[in-house]
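Work through the exercises below with the sequence and the 3D view open. Try each task before reading its solution.

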Amino acid sequence: MYVLLLNGTNVDLAKEEVLALADRKEFFLNDRLLLIDKKIEFNRLAFTNKVYKLIATVNNLDKEIDKIDFQKYYKKNFCVRIIKIPSNLETGYSERTLGSLIWKKLKKPKVDFSHPNTKFYFIFTKEKIFV
């Protein structure tokens, strides 16, 4: 499953562009986030800002973070980034806090902020959190 951060100027056009390229009718749209289950040629998308591989969707991070197997996606080193939609959304978390939670779940953790091999993005929306 993939999470696409659509361009905010015209979300409907961005959504239609992705669905046409993916040849899909089924999707999940949450504000500017579009979830699809098919890998496509993402470099062909003009109205998509970023594409992420979806690891998990959670409602309550405190209760559900222990269920996520970060080790499965970890390669050599990591960093954590937070994206908030809308940008003024209060999450109650920092990148440092989430990084320490992931650190405890990895076998040989190493952090690299400038050139990480693994980036864990936490995308917070009003309804859900996408990891």
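## Exercise 1: A charge and a ring

Find the ring that lies under the charged end of Lys53.

Solution. The charged end of Lys53 sits over the ring of Tyr2, 5.3 Å from the ring's centre. Keep in mind that this is a predicted model.

## Exercise 2: The nonpolar cores

Describe the largest nonpolar core and say which elements supply it.

Solution.

Step 1. Count the members. The largest nonpolar core has 19 residues. Leu61, Phe70, Ile102, Phe122 and Phe124 have the most contacts inside this core.

Step 2. Find the suppliers. At least two residues of the core come from each of β6 (78-84), α3 (95-103) and β7 (118-124). Strand β7 gives the largest share, 3 residues.

Step 3. Pick one member and list its neighbours. Leaving aside residues up to four places away in sequence, Ile102 touches Phe70, Phe78, Val80, Phe120 and Phe122.

Step 4. Look for another core. A second, separate one has 12 residues, including Tyr2, Val18, Leu34 and Ile40.

Step 5. Set this against a general rule. In soluble globular proteins, nonpolar side chains tend to be buried together.

## Exercise 3: Helix α1

Check the span of helix α1, then find its buried residues and what covers them.

Solution.

Step 1. Helix α1 covers residues 11-22, which is 12 residues. From its first C-alpha to its last, α1 reaches 16 Å. That is close to the 16 Å expected at 1.5 Å a residue.

Step 2. The buried residues of α1 are Ala14, Lys15, Glu17, Val18, Leu19 and Ala22.

Step 3. Their cover includes four strands: β1 (2-6), β2 (28-30), β3 (33-36) and β4 (48-53).

Step 4. Move just past the end of α1. There Asp23 takes a positive phi of about 55°.

## Exercise 4: Aromatic pairs

Classify the ring pairs Tyr52 with Tyr121 and Phe70 with Phe120.

Solution.

Step 1. Start with the total. The whole structure holds 7 aromatic pairs.

Step 2. Take Tyr52 and Tyr121. Their ring centres are 4.7 Å apart and their planes meet at 55°, so this pair is tilted. Tyr52 belongs to strand β4 and Tyr121 to strand β7, so the pair ties together parts 69 residues apart in sequence.

Step 3. Check burial against the limit of under 20% relative accessible area. Tyr52 has 10% relative accessibility, so Tyr52 counts as buried. Tyr121 has a relative accessible area of 18%, so Tyr121 is buried too.

Step 4. Take Phe70 and Phe120. This pair is edge-to-face, with 5.0 Å centre to centre and 85° between the planes. Phe70 lies in the loop between α2 (61-64) and β6, while Phe120 is in strand β7, 50 residues apart. Both Phe70 and Phe120 are buried.

Step 5. Widen the view. Ring pairs link Phe70, Tyr74, Phe78, Phe120 and Phe122 into a cluster.

## Exercise 5: Arg81

Place Arg81 and list what it touches.

Solution.

Step 1. Arg81 is in strand β6. Its relative accessible area is 26%, so Arg81 is partly exposed.

Step 2. Beyond residues up to four places away in sequence, Arg81 touches Glu95, Phe113, Phe120, Tyr121 and Phe122.

Step 3. Look at Phe113. Its backbone oxygen lies 3.5 Å from a polar atom of the Arg81 side chain.

Step 4. Compare with Leu101, 20 residues from Arg81 along the chain. The C-alpha atoms of Arg81 and Leu101 are separated by 13 Å.

Definitions and conventions
Residues are numbered from 1 along each chain as its sequence is written. This is a predicted model: local features need pLDDT of at least 70, side-chain atom pairs count only at pLDDT 80 or more; totals for chains, interfaces and linings use all residues. Side-chain values use heavy atoms; hydrogens and water are left out. A nonpolar core is a set of buried Ala, Val, Leu, Ile, Met, Phe, Trp, Tyr and Cys residues joined through side-chain atoms within 4.5 Å. Buried means under 20% relative accessible area, exposed over 50%, partly exposed in between (1.4 Å probe, protein chains only). Contact means heavy atoms within 4.5 Å. The expected span of a helix is 1.5 Å times one less than its number of residues. Rings of Phe, Tyr and Trp (its six-membered ring) pair if their centres lie within 6.5 Å; planes under 30 degrees apart count as stacked, over 60 as edge-to-face and the rest as tilted. A charge sits over a ring if NZ of Lys or CZ of Arg is within 6 Å of the ring centre and within 35 degrees of the ring normal. A polar contact is a pair of N or O atoms within 3.5 Å; within protein, one must be able to donate a hydrogen and the other to accept it, and residues adjacent in sequence count only if both atoms are side-chain atoms.
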